[in-house]
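This briefing collects geometric features of a single structure for a computational chemist. Please read the points below alongside the sequence and the coordinates.

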Amino acid sequence: AEVAAVDLHGKVAMLDRDRSYHRSAQYANVSAAGAVAMLYNSASDGDLIQVGSVRLDGWSPLGPIPAITIGNADGVMLESAVKAGKTVHAVIDVQAHAEPAAGSNVIGRIEGSDARGMIVLGAHYDTWFTGSCDNGGGIAALLAMAERRMKQGKPRYTLVFVGYDGEEVALYGGYDYLRRHRIVGRDPILAVLNFEMPSARDSSLLGLAHSNHAVLDDALKAAGLNTDYPLYAGMELVPALFGGLIPTDIQGIYRNGVPTASTAVDSPWYHTVEDTPDKVDSDAEATDADGFDTALGMLLKDEP
């Protein structure tokens, strides 16, 4: 609606990073509306630059228009000039190329006693820069869950722990797992728990999205995870907010009908060089691991 009200033909569109609207959807909208280029204004303090793919719909690195990300200080300066009625002229030249490569999901299993089902837990391990919150923290939670469950003996259902690759590029790891294990392999996947950036210091948003599925919802609430993550909402709201996307690995398997849940928190250092280990809220992460382990225990007791 905002784009429809503005004449962008022949102009450079500058957009602020909006945590509730994915950059790839913003890019698609302004390019379709006639913009000749996009400036993406970071939300981090100072002039920290936030990076991230805006090409989630194909293999080519080149989209319909060039796009670059700029620091917030520079963005504020340009925005103030425009609002003051000054002429702002930008020259943007983007040279992009892609080199084909192979990614790898890392998968571990604890075989269960009941062949009728399995529960998948996952987190992507590829990052921008150090990527401690996004998504080193997710991998830490995944390994903690695997370590706990290894010590508890054979579970009722097989537990699968997946470290996804290629999430930051275009959710490739999640879709590869979906194709191999759900579509082709016909694995009896009962539920998927996804650790996407489960904790961060100074976070202003703590979210847990879940399928509209009573058993999963009851387990998450009984474990207190709706309190740990105050933005506790149905997964169907995520694409409604993000321009059609669920921007993490469970997008495909959720749309395939498998009950899923995924964490998501915000961070002032999201996708910047400052997303370092000290930015992870370790205490919160430990509490959340306890909660997810409790929820997992309840899921393992339920009938398929």
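The points that follow concern a predicted model and are grouped by topic.

The salt-bridge count for this predicted model comes to 15. Among these pairs are Lys 83 with Glu 79, Glu 303 with Arg 116 and Arg 149 with Asp 293. Asp 126, by contrast, is buried and has no salt bridge.

**Salt bridges**

- Within helix H2, the closest N and O atoms of Lys 83 and Glu 79 are 3.1 Å apart.
- Lys 83 and Glu 79 are four residues apart in H2, and therefore about one helical turn separates them. In general, an α-helix has 3.6 residues a turn, so residues three or four places apart point the same way.
- Lys 83 is exposed, because its relative accessible area is 69%, whereas Glu 79, at 24%, counts as partly exposed.
- Glu 303 and Arg 116 form a salt bridge with their closest N and O atoms 3.5 Å apart. Glu 303 is in the segment after helix H10 (282-301) and Arg 116 is in the loop between strand S4 (106-110) and S5, so this pair ties together parts that are 187 residues apart in sequence.
- Arg 116 counts as partly exposed, with a relative accessibility of 47%.
- The side chains of Arg 149 and Asp 293 meet at 3.0 Å, N to O. Arg 149 belongs to helix H3 and Asp 293 to helix H10, so the salt bridge ties together parts that are 144 residues apart in sequence.
- Both partners of this pair are buried: Arg 149 has a relative accessible area of 9%, and Asp 293 has a relative accessibility of 12%.
- Asp 114, Arg 116, Arg 156 and Glu 303 are joined into one network by salt bridges that share partners.

**Asp 126, a buried residue without a salt bridge**

- Asp 126 is located in the loop between strand S5 (118-124) and helix H3 (132-150).
- The nearest side chain of opposite charge to Asp 126 is that of Arg 23, which is 9.5 Å away. A salt bridge requires a nitrogen within 4 Å of a carboxyl oxygen.
- A polar atom of the Asp 126 side chain lies 3.5 Å from the backbone nitrogen of Gly 166.
- Leaving out residues up to four places away in sequence, Asp 126 touches Tyr 164, Asp 165, Gly 166, Glu 167, Glu 168 and Val 169.

**Strand S5**

- Seven of the seven residues of S5 are buried.
- Met 118, Val 120, Gly 122 and His 124 point one way from S5, while Ile 119, Leu 121 and Ala 123 point the other way.
- S5 runs parallel to strand S6 (residues 158-164), and seven bridges join the two strands.
- Val 120 of S5 stands opposite Val 160 in S6.

**Helix H2 and its flanking glycines**

- H2 (residues 72-83) contains 12 residues and reaches 16 Å from its first C-alpha to its last, close to the 16 Å expected at 1.5 Å a residue.
- Gly 71 lies in the loop between strand S3 (67-70) and H2. Gly 71 counts as buried because its relative accessibility is 2%.
- The C-alpha atoms of Gly 71 and Ser 42 are 5.2 Å apart, although the two residues are 29 residues apart in sequence.
- Not counting residues up to four places away in sequence, Gly 71 touches Asn 41, Ser 42, Gly 46, Asp 47, Leu 48 and Ile 49.
- Gly 85, just after H2, takes a positive phi of about 85°.

Note on methods:
Residues numbered from 1 in each chain as written. Predicted model: local features only at pLDDT ≥ 70, side-chain atom pairs only at ≥ 80, totals over all residues. Heavy atoms only, no water. Buried < 20%, exposed > 50% of the residue type's maximum accessible area, 1.4 Å probe, protein only. Lys, Arg positive; Asp, Glu negative; His and termini not counted. Polar contact = N/O pair within 3.5 Å; in protein donor to acceptor, adjacent residues only side chain to side chain. Contact = heavy atoms within 4.5 Å. Expected span 1.5 Å × (residues − 1). Pairing = 2+ DSSP bridges.
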